[in-house]
Structure formats: C-alpha cells, structure tokens
Amino acid sequence: MAGKTKRHELIVACGTCEGFGIIRDPSDSSVGVVCAGCSGKGFTLLSYQPFTGRRKMDGIKRVRRSGQGIPTFSSRLSKNDVGVSYADFLKGKSP
Ligand SMILES: [Zn+2]
C-alpha cells in the first residue's frame, strides 16, 4: 500500500492519575475515585507515527508560508509568484 503509514502504539501511564488508576477523593483522602481518564486501568495507549523522512503530498504544486494570504483575481500576483514550487521545497528551498 503506497503512501500508507503504519501507526505504532505505546502503553503509557495515564496522564490524569499518573498510573494509579485512581485519584484521591478531595473530600476524603482515604477514598480513591476511579480515574475517568483510564477507567481505573492506570495506562492509556499512545498512538504515534514514527518519522522516517518528510513525506510527499499528492497534488501540491506550490508551497507558501502561512499568514501571507491568498492572492485574489484582482491581485497583480499570479499563483506562480506565491511561495516556491513544491519541487523546490522538497529540495530544501524555503518559501
Ligand atoms: Zn488514569
């Protein structure tokens, strides 16, 4: 399957309860309350995609910086004046 990337999973301690599976009841410190973040398991699955080099996005012709706006039809700029070509970007050129 071309272009399909495999996601990996890590079992990590729950960020809400820090692995306890419970949080201390604020009104009675001798009571544990089942953590809503992990349902008491103490862990969550972290899904991530390893980086194996910058990927190429289909259908892209030009690359521009954000916040430059998009030229309108009345603009004197043509689409080809905005940013850099995608081919140049992939070679390392910055828009
Ligand atoms: Zn938890």
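Two residues are in contact if their C-beta atoms, placed from the backbone, lie within 7 Å. The exercises below concern a predicted model.

**Exercise 1. Overall organisation**

Determine what share of the contacts with a separation of 6 or more joins residues 24 or more positions apart, and describe the order of the secondary structure elements.

Solution. Begin with the inventory: the protein chain has one helix and six strands. Along the sequence these elements follow the pattern β-β-β-β-β-β-α. Next, take the contacts with a separation of 6 or more; residues 24 or more positions apart account for 40% of them. Finally, of the 95 residues in the protein chain, 4% are buried.

**Exercise 2. Strand β1**

Establish whether strand β1 (residues 8–13) is largely in the open or not, and identify its pairing.

Solution. A residue counts as buried if 20 or more other C-beta atoms lie within 10 Å of its own. Among the six residues of β1 the number buried is zero, so the strand lies largely in the open. As for pairing, β1 joins strand β4 (residues 43–48) in the antiparallel sense, over six bridges. Within this pairing, Leu10 stands opposite Leu46 in β4.

**Exercise 3. The surroundings of Gly83**

Locate Gly83, classify its exposure and list the residues it touches.

Solution. Gly83 is found in the loop between β5 (62–63) and β6 (84–85). Because 18 other C-beta atoms lie within 10 Å, Gly83 is partly exposed. Leaving aside residues up to four places away in sequence, Gly83 touches Arg62, Val63, Arg64, Arg65 and Pro95. For Pro95, 12 residues from Gly83 along the chain, the C-alpha separation is 4.5 Å.

Terms used:
Residues numbered from 1 in each chain as written. Predicted model: local features only at pLDDT ≥ 70, side-chain atom pairs only at ≥ 80, totals over all residues. Buried ≥ 20, exposed ≤ 12 C-beta atoms within 10 Å, placed from the backbone. Helix = DSSP H or I, 4+ residues; strand = E, 2+ residues; numbered from the N terminus. Pairing = 2+ DSSP bridges.
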